[in-house]
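Student: I've just opened this one and I'd like to go through it with you. Where do we begin?

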Amino acid sequence: DRPVFDLASDADGTVAGLPRFEGDLGGVTLEALHLVDGRLTLADARSGARLTAARLEGRASAERLAGPWRIDAGAEIAGRATTLRLAGHPAGAATTLRGTLAVADLGLTLTGDLAVTGGDRPRLAGTLARDRRDDGVAGPLRVTATLDGDTAVLTLVDLGAGVGEETRGGR
């Protein structure tokens, strides 16, 4: 009950607060971890930005600590109910992530497929898509991008957008 996760990046993008495992934990299984009334805080020293997910509730499981693993959780971020589904599995030196973040009252969904490498200064590469439901004015909106970067610099490449029922086109 009431777990607290504090992650912070310093001026060069090094992340503090990530879990560290000693020894060979490849055979360790996590059948179910239930999160009740937790909190996750992300802080960035360069910008001074801080994001807090409060009332964190959910479930996590892992066939092995190294992966594959899954997290299904909900939280309140900036006063809005938010859900997260994230799955990860090892892929050589990287961890492949597939996830969905949704803010229902905004009709906003962010989905992504990312490869994460590195330890204290993770690198990200992959694709993201942002979907917004029809708000009665502009209709459904889909924005897609390929990204590459780390905790210091993130570059979006091949940015695309589509408006309307079929939102796959329009670059």
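Tutor: Let's start with a term: a contact means heavy atoms within 4.5 Å. This is a predicted model, so local features need pLDDT (the predictor's confidence in each residue, from 0 to 100) of at least 70 and side-chain atom pairs count only at pLDDT 80 or more, while totals for chains, interfaces and linings use all residues. Residues are numbered from 1 along each chain as its sequence is written, and side-chain values use heavy atoms, with hydrogens and water left out.

Student: Of the contacts in the chain with a separation of 6 or more, what share comes from residues 24 or more positions apart?

Tutor: The pool here is the chain's contacts with a separation of 6 or more. Within that pool, the share from residues 24 or more positions apart is 32%.

Student: Which element has the highest confidence, and which the lowest?

Tutor: For the chain, the mean pLDDT is 85, with 89% of residues at 70 or more. Residues 167-171 stay under 50, and the model gives them 14 contacts beyond four places in sequence. Going by element, the highest mean is 95, in β5, and the lowest is 84, in β11.

Student: How many helices and strands are there in the chain?

Tutor: Both come from DSSP runs numbered from the N terminus: helices are H or I over at least four residues, strands are E over at least two. From the N terminus on, the run of elements reads β-β-β-β-β-β-β-β-β-β-β. That gives 0 helices and 11 strands.

Student: Which strands stand at the edges of the sheet?

Tutor: Two strands pair if DSSP finds at least two bridges between them. The 11 strands make an open sheet with mixed pairing, ordered β2-β1-β3-β4-β5-β6-β7-β8-β9-β10-β11. An edge strand has a single partner, so one side of it has no neighbour in the sheet, and that applies to β2 (15-16) and β11 (154-163).

Student: In what sense do β1 and β3 pair, parallel or antiparallel?

Tutor: Take β1 with β2 for a start: 2 bridges join them in antiparallel fashion, and alanine 8 faces alanine 16 of β2. The link between those strands is a hairpin with 5 residues, where glycine 13 has a positive phi of about 90 degrees. Towards β3, phenylalanine 5 has leucine 40 as its bridge partner. Over 6 bridges, β1 (residues 4-9) and β3 pair in a sense that is parallel.

Student: Which residue in β4 is the bridge partner of leucine 40?

Tutor: Strand β3 (residues 30-44) runs antiparallel to β4 (residues 50-62), with 9 bridges joining them. Threonine 41 is bridged to threonine 52. For leucine 40, the partner in β4 is alanine 53.

Student: Which glycine has a positive phi in the turn between β4 and β5?

Tutor: These strands run antiparallel, joined by 8 bridges, and alanine 54 is bridged to glutamate 76 in β5. They form a hairpin with 6 residues in between, and the residue with a positive phi of about 120 degrees is glycine 67.

Student: Is aspartate 44 buried or exposed?

Tutor: Aspartate 44 belongs to β3 and touches Ser9 and Ala49, not counting neighbours within four places in sequence. Its side chain also makes a polar contact with that of arginine 46 at 2.6 Å; such a contact is a pair of N or O atoms within 3.5 Å, where within protein one must be able to donate a hydrogen and the other to accept it, and residues adjacent in sequence count only if both atoms are side-chain atoms. Buried means under 20% relative accessible area, exposed over 50%, partly exposed in between (1.4 Å probe, protein chains only). With a relative accessibility of 17%, aspartate 44 is buried.

Student: How does isoleucine 71 count at 27% relative accessibility, and what is it in contact with?

Tutor: Isoleucine 71 sits in β5 (residues 69-77), with its C-alpha atom 5.7 Å from that of arginine 85, 14 residues apart along the chain. At 27%, isoleucine 71 counts as partly exposed. Beyond four places in sequence, isoleucine 71 is in contact with Arg59, Ala60, Leu84, Arg85 and Leu86.

Student: What is the relative accessible area of arginine 55?

Tutor: Arginine 55 lies in β4 and, though not a glycine, has a positive phi of about 55 degrees. Arginine 55 counts as exposed because its relative accessible area is 54%.
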